[in-house]
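Here is a brisk report on one protein model. It goes from single residues to ring contacts, the pocket and the backbone.

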Amino acid sequence: MARWCRTHARFVLVLLLLAIAGCKVELNSNLQEEDANEALAKLLSNGILAEKQATEENRFKLLVDKDQFAVAVELLRSHGLPQRKYTSVADAFTGDGIVTSPTQEWIRYNHAISQQLSGTIASLPGVIAADVHIAQVKQEKPFEEVPKPTAAVMVQMDTALINDTIVPKIKQLVSFAVNELEYERVNVLLTPVTPIVKDTRLVSFAGLIVHERSVSLLRGVIVVAAIVFVGLACICMLALKNSRATPRKSEAP
């Protein structure tokens, strides 16, 4: 009987732990540890319950509560997380052994420059995402007149950090990085974005510092646990009483 009581008590404890853990769903996967840590910190600092798990090949994934999935996606997207990966010039020319034409090499080179400039601009404080598109015609024949290069830059930036010097700095950076690209021929489209910031109210509950959202859940779990354990205690006491009373009845004449 004592073994039966211990078994059922453990079963109830497992159910309670599962209830506290909640239903987790995958938010992001195949992340490097640095990107996973940055996204996890942003989620936790905004009151979203999340966790990081290791996967194969030193990669990581993020898990969040099912009812917070939509908010977590919008939050990370508004902050540009996980950060987008841009192709560098070295990545574009990996020496794969495939023979390409001069035109293909020219297109690959311009794409690599555009990607590297996009990554540089995206690293500026307050920039959430950046895309640079360079239009540059290759000179095919000697003394051939070709149009001057142009560049279009799209930048999404935190509204609070936008000032009058941002666009001139971006135009100067792009014009200096591309040969014969004039400052006036760089067009920048700056899109203000207001990142989502959730209220992160922390309260004290039973000696613990928890998020305000978790208080009602913890109260419900404690009430259910108390009722279940009281019920089990009553059942065990009745079963023990009956087991002690049964031999006495058998000894009676």
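## A buried serine in helix α5

Ser118 is found in helix α5. The model is a predicted one. With a relative accessibility of 1%, Ser118 counts as buried, because the cut-off for that class is under 20%. Its side chain has a polar partner in the backbone: a polar atom of Ser118 lies 2.8 Å from the backbone nitrogen of Val132.

## Aromatic and charged contacts

How many aromatic pairs does a search of the whole structure find? The search gives 1 pair. The partners are Trp106 and Tyr109, with ring centres 6.4 Å apart. Their planes meet at 35°, so the pair is tilted. Stacked would need planes under 30 degrees apart, and edge-to-face over 60.

Both residues sit in helix α5, which covers residues 102-122. They are 3 residues apart there, so about one helical turn separates them. Trp106 is partly exposed, at 23% relative accessibility. Tyr109 is also partly exposed, at 38%.

A charge over a ring appears elsewhere. Lys52 lies over the face of Phe60, 4.9 Å from the ring centre.

## The largest pocket

A probe the size of a water molecule, rolled over the atoms, shows where empty space is left. The largest pocket has a volume of about 450 Å³. It is lined by 22 residues, and those closest to its centre are Gly80, Gln83, Ala122, Val127 and Ile128. Three elements, α2 (33-45), α5 and β4 (127-135), each give two or more residues to the lining. The largest share comes from β4, with 3 residues.

What is the lining made of, by class? There are 11 nonpolar, 6 polar and 5 charged residues.

## Buried residues and their distant neighbours

Ser175 lies in helix α6, residues 166-177. It is buried, with a relative accessible area of 8%. Its C-alpha is 7.0 Å from that of Val186, and the two residues are 11 apart in sequence.

Val188 belongs to strand β6, residues 186-193. At 15% relative accessibility, Val188 counts as buried. Ile170 is 18 residues away from Val188 along the chain, yet their C-alpha atoms are separated by 7.7 Å.

Asn46 lies in the loop between α2 and β2 (50-54). Is Asn46 buried or exposed? Its relative accessibility is 6%, so Asn46 counts as buried. Asn46 and Ile196 are 150 residues apart in sequence, but 8.9 Å apart in space, C-alpha to C-alpha.

## Backbone exceptions

Most residues other than glycine have a negative phi, and most peptide bonds are trans. Some places in this model depart from that pattern.

The peptide bond from Leu81 to Pro82 is cis, with omega near -10°. Pro82 lies in the loop between α3 (69-78) and α4 (89-92).

Asn58 is not a glycine, but has a positive phi of about 55°. It sits in the loop between β2 and β3 (60-65). Asn58 is exposed, at 69% relative accessibility. Glu180 also has a positive phi, near 65°. Its place is the loop between α6 and β6. With a relative accessible area of 62%, Glu180 is exposed, as the class starts over 50%.

How values were computed. Residues are numbered from 1 along each chain as its sequence is written. This is a predicted model: local features need pLDDT of at least 70, side-chain atom pairs count only at pLDDT 80 or more; totals for chains, interfaces and linings use all residues. Side-chain values use heavy atoms; hydrogens and water are left out. Rings of Phe, Tyr and Trp (its six-membered ring) pair if their centres lie within 6.5 Å; planes under 30 degrees apart count as stacked, over 60 as edge-to-face and the rest as tilted. Helices (H or I, at least four residues) and strands (E, at least two) are DSSP runs, numbered from the N terminus. Buried means under 20% relative accessible area, exposed over 50%, partly exposed in between (1.4 Å probe, protein chains only). A charge sits over a ring if NZ of Lys or CZ of Arg is within 6 Å of the ring centre and within 35 degrees of the ring normal. On a 1 Å grid over the protein atoms alone, a cavity is a set of points where a 1.4 Å probe fits but cannot get out, and a pocket is an open set with protein on both sides within 12 Å along at least five of seven lines; lining residues have an atom within 4 Å of a point. Grid points are joined across faces, edges and corners, and a volume is the space filled by probe spheres set on the points. Ala, Val, Leu, Ile, Met, Phe, Trp, Tyr, Cys and Pro count as nonpolar, Asp, Glu, Lys and Arg as charged, and the others, Gly among them, as polar. A polar contact is a pair of N or O atoms within 3.5 Å; within protein, one must be able to donate a hydrogen and the other to accept it, and residues adjacent in sequence count only if both atoms are side-chain atoms.
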